[in-house]
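Please open the model in your viewer and keep the selection panel at hand. The stops below follow one another, and each begins with something to select.

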Amino acid sequence: MQTNFFTAVLLPIGLATVMLGMGLTLVPEDFQRVTRYPKAVAIGLVSQLLFLPLVGFLIASIVPMRSEIAVGLMILALCPGGPSSNMITYLAKGDVALSVTLTALSSAITVFTIPIFANLSLRYFVGQNAAIALPVGQTMLQIFAIAIVPVGLGMLVRQKFPDLARRLEKTANRLAIAFLALIILAIIIHEWNRIPSFIAQVGIGVALLNIISMAIGFWFGRLFNLTFAQRICIAIEVGIQNATLAIAITAGLLNNPDMAVPAAIYSLFAYATAILTIFYGRRVAQRRDRAETSLANNLSARP
């Protein structure tokens with residue numbers, strides 16, 4: 001389960017390309033709107049940083065699994081949403097500006113929270129202490145390079161060359177869908193021989209973590225009367241974790257490949273549920289657009 005060339009190089013480059021396409025759809029007013037509605041940001045962060053680790057702890061404590069697997073599941077639950085959550089939010093017609101904001105904030109915060117709570121998880125499930133020293137500068141630089149810079153470049157193109165941005169947006173959308181399918185295919189091919197044993201070890205746990213966390217994010221947003229685009233964004237942000245970071249911590253910093261198993265299986269399962277979420281979000285958006293068009297036509301037809 002060591003990080004390979006695909007996860008270390010090709011995946012970040014591909015996601016950065018998709019983020020560039022997302023930036024082509026954004027304008028500064030999108031982010032100003034988020035600051036005018038801080039409730040959505042607060043709900044997203046509480047769901048991500050509080051409820052998700054609690055759900056992970058309950059699952060790791062209740063579902064039968066080896067102690068190393070339980071620690072790996074907890075570290076996965078402690079990780080922020082990765083750049084892929086921004087891509088999926090974009091494809092699902094969610095609030096992309098909110099998604100990028102939540103990813104940036106949660107990534108900055110979890111750099112400090114992961115070492116603390118990962119050590120507590122090791123002590124509770126394994127009965128040992130372990131010093132986890134995340135490379136803070138490298139982690140922040142990675143998030144900045146993959147998410148913030150490409151989005152900024154896309155927004156700059158949108159501002160300077162709006163016609164070009166509109167033409168490139170359609171191409172970027174198709175490439176994003178194709179790239180998402182490629183991610184799933186690559187994971188299946190690379191881990192084909194070990195997937196059955198991995199699923200047997202942690203399948204139920206990661207499935208519950210993914211489904212429950214997405215449901216909590218969506219329901220919490222609905223409870224506080226957020227828009228559908230904001231609710232779908234928070235559901236994705238809470239439900240799609242940065243599994244690559246979890247693998248880097250478990251297989252790299254902790255040098256324990258068994259702890260990396262939950263993140264590997266989660267990657268496969270989460271992208272499958274992401275496709276379902278994309279179809280659901282786009283279907284709701286299409287129904288909303290048809291309803292608005294019908295209303296506009298009815299109003300224009302009145303004398």
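Begin with the whole chain in cartoon view: this predicted model has 12 helices and 0 strands, so that reading along the sequence gives the pattern α-α-α-α-α-α-α-α-α-α-α-α. Of the 303 residues in the protein chain, 51% are buried. If you display contacts with a separation of 6 or more, 84% of them are accounted for by residues 24 or more positions apart.

Before selecting anything smaller, colour the chain by pLDDT. The average over the protein chain is 78, and 78% of the residues score at least 70. Among the elements, helix H1 (residues 5-23) has the lowest mean pLDDT, at 67, whereas H3 has the highest, at 91.

**H3 against H4**

Select helix H3 (residues 38-62) together with helix H4 (residues 67-78), whose axes come within 8 Å and cross at roughly 165°. Because angles over 145 degrees count as roughly antiparallel, H3 is roughly antiparallel to H4. The crossing of these two helices, H3 and H4, is right-handed. Now show side chains: on the H3 side look for Leu 52, Pro 53, Gly 56, Phe 57, Ile 59 and Ala 60, which meet Ala 70, Leu 73, Met 74, Ala 77 and Leu 78 in H4. Sorted by class, this contact of H3 with H4 holds 10 nonpolar residues, 1 polar residue and no charged residues.

**Met 74**

Stay in helix H4 and centre the view on Met 74. Is Met 74 buried or exposed? With a relative accessibility of 6%, Met 74 counts as buried. Leaving aside residues up to four places away in sequence, Met 74 touches Pro 53, Gly 56, Phe 57, Ala 60, Ser 121 and Phe 125. A distance label drawn between the C-alpha atoms of Met 74 and Leu 209 should read 10.0 Å, although these residues are 135 residues apart along the chain.

**H4 against H6**

Keep H4 selected and add H6, which packs against H4 at an angle of about 160°, with the axes 9 Å apart. H4 and H6 are therefore roughly antiparallel to each other, and their crossing is right-handed. From H4, the contact is made by Ser 67, Ala 70, Val 71, Met 74, Ile 75 and Leu 78, while H6 contributes Thr 110, Ile 114, Phe 117, Ala 118, Ser 121, Leu 122, Phe 125 and Val 126. Coloured by class, the contact of H4 with H6 shows 11 nonpolar, 3 polar and no charged residues.

**H3 against H9**

Return to H3 and select H9 with it; the axes of H3 and H9 come within 10 Å and cross at roughly 150°. That crossing angle makes H3 roughly antiparallel to H9, and the crossing of H3 and H9 is right-handed. Which residues make the contact? On H3 they are Ile 43, Val 46, Ser 47, Phe 51, Leu 52, Val 55, Gly 56 and Ile 59, and on H9 they are Gly 205, Leu 208, Leu 209, Ile 212, Ser 213, Ile 216, Gly 217, Phe 220 and Gly 221. By class, the contact of H3 with H9 comprises 11 nonpolar and 6 polar residues, with no charged residues.

**Thr 17 and Val 151**

Move next to Thr 17, which lies in helix H1, the element with the lowest mean pLDDT. Thr 17 counts as partly exposed, at 46% relative accessibility. Add Val 151 to the selection: Thr 17 and Val 151 are 134 residues apart in sequence, yet their C-alpha atoms are 9.3 Å apart in space.

**Two loop residues with positive phi**

Select Lys 93, in the loop between helix H5 (83-91) and helix H6 (96-126). Lys 93 is not a glycine, although its phi is positive, at about 65°. Its relative accessibility of 39% places Lys 93 among residues that count as partly exposed.

Finish at Asn 225, in the loop between helix H9 (195-223) and helix H10 (228-239). Here, too, a residue other than glycine has a positive phi, and for Asn 225 the value is near 60°. With a relative accessible area of 68%, Asn 225 is exposed.

Methods: Residues numbered from 1 in each chain as written. Predicted model: local features only at pLDDT ≥ 70, side-chain atom pairs only at ≥ 80, totals over all residues. Heavy atoms only, no water. Axes fitted to C-alpha atoms, helices over the stretch in contact; angles between N-to-C directions. Helix = DSSP H or I, 4+ residues; strand = E, 2+ residues; numbered from the N terminus. Parallel < 35°, antiparallel > 145°, perpendicular 65-115°, else oblique. Left-handed = near helix turned anticlockwise from the far one by under 90°. Contact = heavy atoms within 4.5 Å. Nonpolar A, V, L, I, M, F, W, Y, C, P; charged D, E, K, R; others polar. Buried < 20%, exposed > 50% of the residue type's maximum accessible area, 1.4 Å probe, protein only. pLDDT = per-residue confidence, 0-100.
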